[in-house]
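Visitor: I'm new to this structure and would like to look closely at just one part of it. Could you pick a spot and walk me through it slowly?

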Amino acid sequence: MIPTELLDRLANTGAEVTRPTGSTVPGGLFPDWVLQPESLAQLTALVRILHASAVDWRVDARGRNWGYDDSRVREPGLIVRLARLDRLDLDVELGLATVQPGVTFAQLNEALQAADARYYLPSPGSGPHTSVLGNALERGLLAGLGERERHCRDFLVLRRDGELTRLGWEEAADDRVRRALPYPPGPHLQGSLFQTGGYGPVVVELTHVLPVATELTTEPVLLAGAELTEDLLRCWRDLLLGELVTSTILASPARRRAQGITVSYDGLVLNLYIAATSATMLRAKVLDVQRLARQHGQRLAARFGGGYDDLSILGGDRNHPEAVGHLPEGLEWQTAALPFIPSVVAAFARAVRTDPLLADIPWTLRPLDSRALVWLAPIVYRKENSDSVALLRRRVAAVARLRDEFAVPAYRSGAVRSDR
Ligand SMILES: Cc1cc2nc3c(=O)[nH]c(=O)nc-3n(C[C@H](O)[C@H](O)[C@H](O)COP(=O)(O)OP(=O)(O)OC[C@H]3O[C@@H](n4cnc5c(N)ncnc54)[C@H](O)[C@@H]3O)c2cc1C
């Protein structure tokens, strides 16, 4: 319980004070209150009051990270939500977007279109109404972007004691210089801002490097059969090493079924997204992809239906993501980060396929780069059904056993997880 006198002082900063709403994750606790400042001055005042109190608190951006950590807390306490801090500053010459936590993918891409810029930032599977900054700090996986940390720079950070810092940059440094350079001179602490679950320093602003939007694309698939083979994995790695594909994702048949995609082919599919800035370059890439597929004995086919709108797994809708928290079904993401060693990845996939608890879960594999892959499985459960919750627990334990057996970590740890 937050003492009334403290709550009054927090409300007097001008921040909006509300009760939390729905959630999809099984772990953690609802916060007592959600505080939403609308300016840096209000945020600073809140942080100073909270720092001097004994209350546990974390920040989030739009609180729509459902399934990884959601708007939950580990210990009784508060959430400071930064959705109303939504200033966006574009540098269309350098291809940089400086965003506050409330800026969404939709807002950013609309601004890029309005500015007639050649850049575009793909949205996550949970849709365009999530925070660019929140997704980046949580090491989001966006089509073709790989490791997000190297796309982020020039952080403005509010320490937990309420002091602002630019992490190694002199205040006098020119804005455009700071934003263009990946790091300040000398050692820096940028990595320590990622994956704190909102329990670390508060990132008030960061600059994100934008990829160029390419209109010339083609999306063939490799039909990978019933079992993930080392040949397929070697082919996939060669495609990445040769930089022939912009983005790739390997999907299990259960994953397609979970999204309501029905096709006659019932094997694993490696989706390839090939993009180029000229028709000649696109043709050359496609020829190289065909050559590598043949060389590795793989079957290439035309793309078949369905995208990766992950919310459809829950029966949700990417345009109204807030509705998902109130559904009777919840979603628990399980992950494993794997080295891109074909024998290891093939053995991991075999272990999933032969475990009766996991054989039918809708998993995908996505590359972090050509050296590491992430295995992701969204497990749906019914919140009010004890059998369903018990099955979820057994499945989560089965994935944990596999991670132990292969000595690999989860890809990322959420704010309410104890395994951080
Ligand atoms: C069905 C489904 C599909 C998804 N698909 C994808 C996908 O394809 N790719 C992908 O990358 N993600 C995916 N996600 C995860 C998630 O939706 C995105 O990462 C989303 O962009 C994050 O939500 P948010 O912006 O509301 O962030 P929040 O939940 O608000 O924040 C994300 C994390 O960053 C921390 N944080 C936020 N702001 C700050 C700050 N200012 N300072 C310090 N810490 C902060 C928060 O505490 C939290 O831990 C998916 C989730 C679901 C449920």
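Guide: Let's start where Leu-35 stands opposite Val-80 in β4. This is a predicted model, in which local features need pLDDT of at least 70 and side-chain atom pairs count only at pLDDT 80 or more, while totals for chains, interfaces and linings use all residues. Residues are numbered from 1 along each chain as its sequence is written, and side-chain values use heavy atoms, with hydrogens and water left out.

Leu-35 falls within strand β2, residues 33-36. Strands here are DSSP runs of E with at least two residues, and helices are runs of H or I with at least four, numbered from the N terminus. β2 and β4 run parallel and are joined by three bridges. That makes them a pair, since two strands pair if DSSP finds at least two bridges between them.

β4 covers residues 77-81. Is that strand buried or exposed? Five of its five residues are buried, so β4 is largely enclosed by the rest of the structure. (Buried means under 20% relative accessible area and exposed over 50%, with partly exposed in between, using a 1.4 Å probe and protein chains only.)

Now move to β3, which runs parallel to β4 and is joined to it by five bridges. One spot to find is Asp-60, whose bridge partner in β4 is Arg-81.

Put the neighbours together and you get an open sheet of four strands, ordered β1-β2-β4-β3, with mixed pairing. At the edges are β1 (16-18) and β3 (56-60), each of which pairs on one side only. On average, neighbouring strands of the sheet are turned by 25 degrees against each other, direction ignored.

What about the β1 edge? β1 runs antiparallel to β2, and three bridges join these strands. Look for Glu-16 there: its bridge partner in β2 is Gln-36. Then there's helix α2 (residues 40-52), which packs on the sheet and touches β2, β3 and β4. Contact here means heavy atoms within 4.5 Å. The direction of α2 makes about 165 degrees with that of β4. For such angles, axes are lines fitted to C-alpha atoms, for helices over the stretch in contact, and the angles run from 0 to 180 degrees between N-to-C directions.

Two side-chain arrangements are worth finding as well. Arg-19 lies over the face of Trp-33, 3.8 Å from the ring centre. The charged end of Arg-72 sits over the ring of Phe-30, 4.1 Å from the centre of that ring. (A charge sits over a ring if NZ of Lys or CZ of Arg is within 6 Å of the ring centre and within 35 degrees of the ring normal.)

To place this spot in the chain, note that the protein is divided into domain 1 (4-81), domain 2 (88-209), domain 3 (216-301) and domain 4 (310-406). Those bounds come from an automatic or database domain assignment.

If you'd like another strand pair to set beside this one, try β15 and β17 (residues 372-382), which run antiparallel and are joined by 11 bridges. There, Gln-334 stands opposite Ala-377 in β17. β15 is mostly covered, with 10 of its 11 residues buried.
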